[in-house]
Structure formats: C-alpha cells, structure tokens
2 protein chains.
Amino acid sequence: MATQKDIARVAGVSPSTVAAVLNGTKHTRMGEATRARVEAAIAELGYIPNTAARALRRQQAGTIAVVVENLENPVYQELFRGIYEAAEERGLAVVVGDTMWMRSGSPFLARLLGQGLVDAIVLRHGGLMDEEVLGVLRSRPTPVMLVEYQSDDHDPWVSVDDVAAGRAATGHLIEAGHTEVAFVGGFDTQPANPRHQGYLSAMQQAHLEPRPPLFTGFGAQAGATGLAMLRAGESMPTAIVVNNVMSAVGLLGAAADAGIAVPEQLSVVGIHDAEVAELVRPRLTTVRLPMRALGVRAVEQVSALLAGAPTQLGVISDPPPQVVARGSVLPPAR
Amino acid sequence: MATQKDIARVAGVSPSTVAAVLNGTKHTRMGEATRARVEAAIAELGYIPNTAARALRRQQAGTIAVVVENLENPVYQELFRGIYEAAEERGLAVVVGDTMWMRSGSPFLARLLGQGLVDAIVLRHGGLMDEEVLGVLRSRPTPVMLVEYQSDDHDPWVSVDDVAAGRAATGHLIEAGHTEVAFVGGFDTQPANPRHQGYLSAMQQAHLEPRPPLFTGFGAQAGATGLAMLRAGESMPTAIVVNNVMSAVGLLGAAADAGIAVPEQLSVVGIHDAEVAELVRPRLTTVRLPMRALGVRAVEQVSALLAGAPTQLGVISDPPPQVVARGSVLPPAR
DNA sequence: CTGAAAGCGCTTACAG
DNA sequence: CTGAAAGCGCTTACAG
C-alpha cells in the first residue's frame, strides 16, 4: 500500500507537503506546480489514507457506534436514518451492532471498549443487556448515550415521549367510545413503564377504571399471550392498547385464530409505527413516534457531549406522538 | 487515558514487559512477582488498550464490515447471526452498515475504504448500489465478498441456492395440483433472475406452460402491483410464486382487499422465510433459505481469502431450500 | 528473564 | 512557501 511517504518520494516533495495537499490545511497557497505534482502522484499510486494511523494521531476516530437490542426491529429503520443523516452532516461515520453481540469477552465488545476506534456509543439496550457489560461500558471514558426513557439523569439519555404515546393510544380509544380498555405488553420496568403510565393517565383523566396491566413482554408472542390471558379473565375489554407494534400484530393474528373480529368486536391500537401495520388485515392503527428526530437528537447530543458543549437531554416532545388511524378501531358494539 | 507506558512506570518495568503480560506473548515464564506487579498496575489505572494503535502496528484491524442493501429486512436476521458467530470464533469483530450510506464522499464509505480499520467487506448490494461506488470498492486492496448469486466468478461470491428455491416453491404448487402458476416480483437481472430460473425449470419439468414473469421489484408494494397486473390480464392464475416474503405479504393484503380468498381461490408461496409469514392470516407458506449457513460461509471464505488459503466459493447447496407449509396453499378450486 | 529501540502511517507545531 | 522532526500507542525483533 502506498503511503504519504511514497507519494512524497514520487512527487519529489516532503511528507508534510503531501499531508497539506491531502488535508487542505495551511499550505493553502502552495505552488500550483507542487500541488499538481503531488496530486498526480496520489492518483498514480492509488493512494488510500490509513484511517487507523489518522485516528491514532488525531486522537479521534470520527466514528460513532450505534448498538440496539434487536437489529431487525422495523422500528429502528427511521432511527438509523436520523442518526446517519445527523452523523454525515458532522463528517462522522456510523457503525451499527446488536446488543446480542455484547457478551463479555466478545471481539465486538472489545472493539467498542478499546480506545481510538469509536468516539462515542449510542445505545438502546431495552433492559436486555447484561448489567455487568453495561457497567464496564459506563466505566469507560468514551461517552455512552442512551436512547430510551430513563426518568433519572444518571446517564445521558434521550427518548421519544413514551408517556404521551401511551396517552394518545388510550385517548384515541376513549374518544371512539370505549370504556373497557386494557393494556398489554412490555415489561414492568424500573422506572415504571412509561407507556403504561400514559395509559393510566388517560384512563384517570376520563374517569375510567384502568385494568391491571398485562406485562407480557415484546415481540409477536407477547400480543398473543396477552389476548389469551384476557380471554381467560372474567370480562373481555372492548379495546386494547398494545405496548408495541409487533405485539399488536401478534395479537391481531391470535384474535383471527380465535374468531374475534377486529375491529367489530375488539379495537386494537399498537404503539410505534412500522410498515407491517400497513400490511396486515385489518390494517393496524398505531401511534407514530418521531424516531428519526430521536436519531438526529442522539447524534446532536453526543456531539455536544464530545465537544463539551451544553447538552439538552431527556424527552423529545416535538413532534408529539401521532395516532395513525387505520382499520383496527371502531366504536364498541352494543 | 492510561497507556502501556504509564503501567510500565507504575509497575517499575519496561513497556515491553507490559505488552508481554497483555498479549500473553513470549515472556510466558516471567517472574511471578513481575507479572503480579504489572497486573496490579493495569487494574489500578483502569488500562484500556488502544485499538487504533494496535491495528496500525499489527497491520490488521481484526474487524470485518457487513453491508447490506436494507438493514431492516427481516431476512437478514439469520444472516447476521451466522456472520457474527463465525466471526467471533475467529476473534473478529463485526460492524454493520447499510448500502444506502455508501454514497460517494460519505464518511461511512471513506471509513470502509480507508486502510487499517476493516480487514474485509461482506457486501450484499442487491443491485442497488452505485456502479461507481462499487468500482471504487473493487479497486481497493481490502477484499470484498459478495453474498448474492452471481453466476460468474468475476468477484468472490457466495450465495444460497436461489434457483433451487424458485424450483421448490413452484414444485410445491405443482404438487398441490396447480397448472396455472405465475411468477411475481424481483428484477430482470443480469445474470438472469435465479429464482425465476428455478420457476421456469420446475414448470418445464412438469410440462407446464410458464407465464411471462412480472418483475415488479422488492418490498410489499411489488406484491400488490403484481396482483393488480395479474387481475388486469386475461386469465388469473390459480397460484403465484412470489420472489420475496415481503412482496408475498403485500400480495396477501392486496388479495384480501380485492376479495380474493387465499388459499381457497388463490395459492401463494413466498421465497425466503421470515417471522412475518407466521404473523399474517392466512399464514404464508414460504421457502426457507439457509441464511445462517450463508453468513458462516461468507466469513469462512473471507478469512480464507485473507489468509491466502484455498477458497470454496459459489452456491451453498447444503442445506437445500425447504418449503415451510403454512396456510396459503390449497389445491386449485374446480 | 527483561529492556532499549525501531517503526506502523499519519499530523502538526516549529524552523527556515 | 516548504521541510525536518516529534509523537500518537502499540508490537516485536534484537540485544543483554
């Protein structure tokens, strides 16, 4: 591989001159002939900069790592897009990984932990990550920005407004006339599950009796399980707020299997929007969260952190969560 | 940040000794007391190796980059898993990116192109990538392993057996008694669309008349468009092979909207398996491709390439594509 | 068994 | 306007 030294030799100049041409630094008004010779040599030798050397010398890698708990969750599509766009604006490269890969001792983790390759980590672990690994991560000098609701400011974090999302989903059902509204999915987290908090808030505001939440987890199975539990209970609700789109889709499938007509007999709203909501029948009504804005904000804030500039962390309330009315909600049958 | 030099000072030894302890190299039988002192200093200072420096010195990064054309395509879940597992076995870190990010001049591309940070690239571009960028990539010394069907050996590539997948999907429909089978989705590529080739082969073998393919692309919309074209045509088929799961799901939705009962009036098989096939109603019958094995193979072969060892490229025929019978196929109504 | 030294490829003050 | 030199943090022959 050709190096700057090689170019210097071929062009008959010093390495510093080559670096100047390459980086457009200082020697800006260098002799035209010199510059031309250098550029010719660069082209001739097919020079490629060595990023490792540059990172070492500059003491920054120009890269942020994004790690999420489940790479193929459709919900991240927009998040990645926002992160990428904001990063590109700042000349930062983005590199993505899965929480699953972050077992202690894994090469991926070692790479993230190692100095010099990654300037900051944007992490959404969804509670799935080893506390030990998390601790190790936190003890490092490279900043870790959490992208999920935290309620305390122990770590820097940014999040969409999950409480408002829960409230919007529940409110939409209440406005349609439902009074028997259940909440299904997610976990009983610490701090309290924010979407469930939103559900509670909407129910109380409408003077309706909240039902005990069914924290059945994430994924399609969580929706099916939730519906089964509801059917086994004393009185079926007429409407369900589901913590997550994929769970809502799972619930829709389970309802079809059980011969429950959605939306005629049962209304369903899923929190978070994704393409699959448009694909199933009936189409799923969802609450859309500003994931792209979240990505942009995460990069902004991590950059601010890196630069020592003042940060603006916490919940992103603009744009607010928005109900996307599709086909899974109708007024209750009577 | 503490460096090896700092540790050496604190422990009262030379930097080489620190390196020896850290890497477990040569000085293997060093004085127990020395080693203990060094280890204490490492712990005390919270030493973290600088990966950029190491990569520079060793002239290898210990990382492979995986770039796919659409990060959130559910089909990649298994591919990533296979890649990750095989990479971990070899002590390699994996870093993921989206083809979309590889625009000329983007920091991500620069990072991939630059020497020293990435030892090899595993790429699935699905024909979506700029020919120019592709050319640049190919001109670099770091090997690029393609993970998609190529038919020629211009670049190193590995692929699942797409021809066999097309044949299996079509064969399944023929065995169910269908004679009017259409092919929808994908592109009219160069080399010829291998799944369509498989369709053709199965039809001919059964002495059935193939229909002209409807190359409507990828994604859910491609399925809906394909169905619309079929309905506008002279005679509806009784069964459809869809090039891709997501397209098949889109086709299912469009069929429901049009009042066409699947599978009673129309049978559908999607190529490639994904969770969503299990979630929709009717459940979608698919052909499962060994994506995990593909990932493992890609890493194996890229390692062989790097090591200068003999490679075994091309189609992975074991395990063969497998029909996953769910609810979208029935014998034709008469 | 341990240390001094060179060098990976780059950037950046500093001198001329 | 251009060059010589130091140094980022590590690894690895080589000498003792």
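# A walk through a predicted two-chain model

A:Tyr76 is buried, with just 2% of relative accessible area. Keep in mind as you look around that this is a predicted model. A:Tyr76 sits in helix H5 of chain A, which covers residues 76-89. If you set aside the neighbours within four places in sequence, A:Tyr76 is in contact with A:Val68, A:Glu69, A:Asn70, A:Leu71 and A:Arg124. With A:Arg124 there is also a polar contact, side chain to side chain, at 3.1 Å. For a sense of scale, try finding A:Pro156 from here: A:Tyr76 and A:Pro156 are 80 residues apart along the chain, and their C-alpha atoms are separated by 20 Å.

Now slide back to the beginning of chain A. Helix H1 runs over residues 4-11, and its buried residues are A:Asp6, A:Ile7, A:Ala8 and A:Ala11. What covers them? The cover over the buried residues of H1(A) includes H2 and H3 of chain A. Right after H1(A) comes A:Gly12, with a positive phi near 70 degrees.

H2 and H3 of chain A deserve a look of their own. H2(A) spans residues 15-23 and H3(A) residues 32-45; they pack at an angle of about 85 degrees, and their axes are 10 Å apart. The two helices are therefore roughly perpendicular to each other. On the H2(A) side, the contact is made by A:Thr17, A:Val18, A:Val21 and A:Leu22, while H3(A) brings A:Thr34, A:Val38, A:Glu39 and A:Ile42. Sorted by class, the residues of this contact are 5 nonpolar, 2 polar and 1 charged.

Over in chain B, you can look at the helices with the corresponding labels. Helix H2 of chain B (residues 15-23) and helix H3 of chain B (residues 32-45) have axes that come within 10 Å and cross at roughly 85 degrees. That makes H2(B) roughly perpendicular to H3(B). Here H2(B) supplies B:Thr17, B:Val18, B:Val21 and B:Leu22, and H3(B) supplies B:Thr34, B:Val38, B:Glu39 and B:Ile42. The tally for the contact of H2(B) with H3(B) is 5 nonpolar, 2 polar and 1 charged.

So much for the helices; how do the chains meet? An interface is often sized by the accessible area that is lost when the parts come together. Between chain A and chain B, about 4,600 Å² is buried, and carbon and sulfur atoms give 66% of that area. On chain A, A:Glu72, A:Tyr84 and A:Arg111 lose the most area to chain B, together 14% of what that side buries. As for the residues taking part, 51 come from chain A and 52 from chain B.

Next, some spots where the backbone does something worth pausing over. In chain A, the peptide bond joining A:Asp318 and A:Pro319 is cis, with omega about 0 degrees. You'll find A:Pro319 in the loop between strand S10 (314-316) and strand S11 (322-324) of chain A. Chain B has a cis bond to show you too, from B:Arg281 to B:Pro282, where omega is near -5 degrees. That proline, B:Pro282, lies in the loop between H12 and strand S9 (285-288) of chain B.

Positive phi values turn up in residues that aren't glycine, too. A:His272 has a phi of about 95 degrees, positive although this residue is not a glycine. Its loop runs between strand S8 (267-271) and helix H12 (275-279) of chain A. In chain B, B:Gln59 has a positive phi near 60 degrees, and again the residue is not a glycine. B:Gln59 belongs to the loop between helix H4 (51-58) and strand S1 (63-68) of chain B. Is each one buried or exposed? A:His272 is buried, at 4% relative accessible area, whereas B:Gln59 counts as exposed at 61%.

Let's finish at B:Asp273, in the loop between strand S8 (267-271) and helix H12 (275-279) of chain B. Buried is the word for B:Asp273 because its relative accessible area is 18%, and the cut-off for buried is under 20%. Which side chains does B:Asp273 join through polar contacts? One is B:Thr286, at 2.6 Å, and another is B:Arg326, at 2.3 Å. Not counting residues up to four places away in sequence, B:Asp273 touches B:Val75, B:Val245, B:Thr286, B:Val287, B:Arg288, B:Val324 and B:Arg326.

Conventions:
Residues numbered from 1 in each chain as written. Chains lettered and ligands numbered in written order. Heavy atoms only, no water. Helix = DSSP H or I, 4+ residues; strand = E, 2+ residues; numbered from the N terminus. Buried < 20%, exposed > 50% of the residue type's maximum accessible area, 1.4 Å probe, protein only. Polar contact = N/O pair within 3.5 Å; in protein donor to acceptor, adjacent residues only side chain to side chain. Contact = heavy atoms within 4.5 Å. Axes fitted to C-alpha atoms, helices over the stretch in contact; angles between N-to-C directions. Parallel < 35°, antiparallel > 145°, perpendicular 65-115°, else oblique. Nonpolar A, V, L, I, M, F, W, Y, C, P; charged D, E, K, R; others polar. Buried area = accessible area lost by both parts, 1.4 Å probe.
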